[in-house]
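Biologist: I would like to learn how to read empty space and helix packing in a model. Please take me through the terms one at a time.

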Amino acid sequence: MNRISREKRRIILQSLVEGASIRSTARIANVAINTVIRLLIHAGDVCDEYSDHMLRNLQCERLELDEVWCFCYAKNANVPFAKAAPEIAGDVWTWVAIDPDTKLVPCWMVGERDGHVAWEFLQEIKARMAFGHRLQITTDGWKSYKSAIPAAFKDSADHAVLNKKIIRGYDSDSYPDHRYSQRQRYFITKEAVRGNPDMDKAVTSHIEREFLNLRMGI
């Protein structure tokens with residue numbers, strides 16, 4: 001593509017990072033929308049290469065793992081009825097690990113929500129941790145984690161599971177503070193699945209907040 005000036009590239013990337021849309025960024029920088037998209041893809045490739053090279057030998061004390069759902073072109077249920085759906089159409093899951101102490105994201109992966117991707121994801125996390133460093137991992141109750149974590153870390157990681165159960169239809173007279181809110185309650189249970197995790201620090205609120213930012217941003 002035609003090379004735009006360094007200053008204009010800086011303006012485009014800064015606008016995107018600050019949350020501006022692609023169309024508004026194109027108007028601000030006075031460039032075509034496709035130029036913004038190509039620059040965004042190129043910047044993403046550079047960031048991916050940089051993080052893959054630099055985020056090594058990490059000594060994270062804790063990690064929170066979770067997956068966020070999205071779809072490409074159409075949801076799985078709608079793919080058979082979609083016109084000219086590409087081969088990759090359907091549900092897509094983004095697996096993310098975050099350090100709750102530093103907010104560092106040492107690893108992420110896009111794929112299906114199955115045991116194979118979970119295994120690859122945990123192997124990548126293991127490759128980024130310092131040799132011999134012990135880690136505490138907190139996840140939700142997704143079954144793939146229970147086999148993927150010991151396969152990757154053997155005995156060098158503690159694993160805690162945090163489950164959230166929603167109970168709907170409680171009596172508003174018993175809960176006057178929730179008289180006009182949705183009739184549901186949340187129950188959280190924690191389970192030490194492997195090793196000796198610190199259950200007081202077994203939370204997934206940081207990764208869930210990051211997913212909220214992601215959903216609101218897109």
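**Pockets, a cavity and helix contacts**

Modeller: The largest pocket holds about 1600 Å³ of space. The model is predicted, so local features need pLDDT of at least 70 and side-chain atom pairs count only at pLDDT 80 or more, while totals for chains, interfaces and linings use all residues. Residues are numbered from 1 along each chain as its sequence is written, and side-chain values use heavy atoms, with hydrogens and water left out.

Biologist: What is a pocket, and what is a cavity?

Modeller: Rolling a probe the size of a water molecule over the atoms shows where empty space is left. On a 1 Å grid over the protein atoms alone, a cavity is a set of points where a 1.4 Å probe fits but cannot get out; a pocket is an open set with protein on both sides within 12 Å along at least five of seven lines; lining residues have an atom within 4 Å of a point. Points are joined across faces, edges and corners, and a volume is the space filled by probe spheres set on them.

Biologist: Which residues are closest to the centre of the largest pocket?

Modeller: Leu40, Gly44, Trp108, Glu210 and Leu214 are the closest, out of 34 residues in the lining.

Biologist: Which helices and strands each supply at least two residues of that lining?

Modeller: Helices and strands are DSSP runs numbered from the N terminus (H or I, at least four residues; E, at least two). Among the helices, α1, α3 (33-54), α4 (115-128) and α6 (205-217) each give the largest pocket at least two residues. The strands β1 (62-72), β2 (90-98) and β3 (107-111) do so too.

Biologist: How do the lining residues of the largest pocket divide by class?

Modeller: Ala, Val, Leu, Ile, Met, Phe, Trp, Tyr, Cys and Pro count as nonpolar, Asp, Glu, Lys and Arg as charged, and the others, Gly among them, as polar. The lining of the largest pocket has 23 nonpolar, six polar and five charged residues.

Biologist: What is the volume of the second largest pocket?

Modeller: Its volume is about 170 Å³. Among the residues that line the second largest pocket are Asp66, Glu67, Asp140, Lys164, Glu208, Phe211 and Arg215. At least two lining residues come from each of β1, β5 (157-168) and α6. By class, the lining of the second largest pocket has six charged, three polar and three nonpolar residues.

Biologist: How many cavities of 30 Å³ or more does a search of the whole structure find?

Modeller: The search finds one, with about 30 Å³ of space in it. The largest cavity is lined by Arg62, Leu63, Glu64, Pro100, Gln136, Thr138, Lys201 and Val203. β1 and β4 (135-139) each supply at least two of these residues, and the largest share, three residues, is from β1. The lining of the largest cavity counts three nonpolar, two polar and three charged residues.

Biologist: Now the helices. How many helices and strands are in the protein chain?

Modeller: There are six helices and six strands. Along the sequence, the pattern is α-α-α-β-β-β-α-β-α-β-β-α. Taken along the principal axes, the C-alpha atoms fill a box of roughly 60 × 50 × 40 Å.

Biologist: At what angle do α1 and α2 pack?

Modeller: Axes are lines fitted to C-alpha atoms, for helices over the stretch in contact, and angles run from 0 to 180 degrees between N-to-C directions. Under 35 degrees counts as roughly parallel, over 145 as roughly antiparallel, 65 to 115 as roughly perpendicular and the rest as oblique. Helix α1 (residues 6-17) packs against helix α2 (residues 22-29) at about 150°, and their axes are 9 Å apart. The two are therefore roughly antiparallel. Contact (heavy atoms within 4.5 Å) is made by Lys8, Ile11, Ile12, Ser15 and Leu16 of α1 with Ile22, Thr25, Ile28 and Ala29 of α2. That contact has six nonpolar, two polar and one charged residues.

Biologist: How far apart are the axes of α1 and α3?

Modeller: They are 11 Å apart, at an angle of about 80°. That makes α1 roughly perpendicular to α3. Arg9, Ile12, Leu13 and Leu16 of α1 touch Val36, Leu39, Leu40 and Ala43 of α3. Here seven residues are nonpolar, none is polar and one is charged.

Biologist: Which residues of α4 and α5 meet?

Modeller: The axes of α4 and helix α5 (residues 144-153) come within 9 Å and cross at roughly 35°. Trp119, Leu122 and Ile125 are among the α4 residues in the contact, and Tyr145, Ile149 and Phe153 are among those of α5. Ten residues of the contact of α4 with α5 are nonpolar, three polar and one charged.
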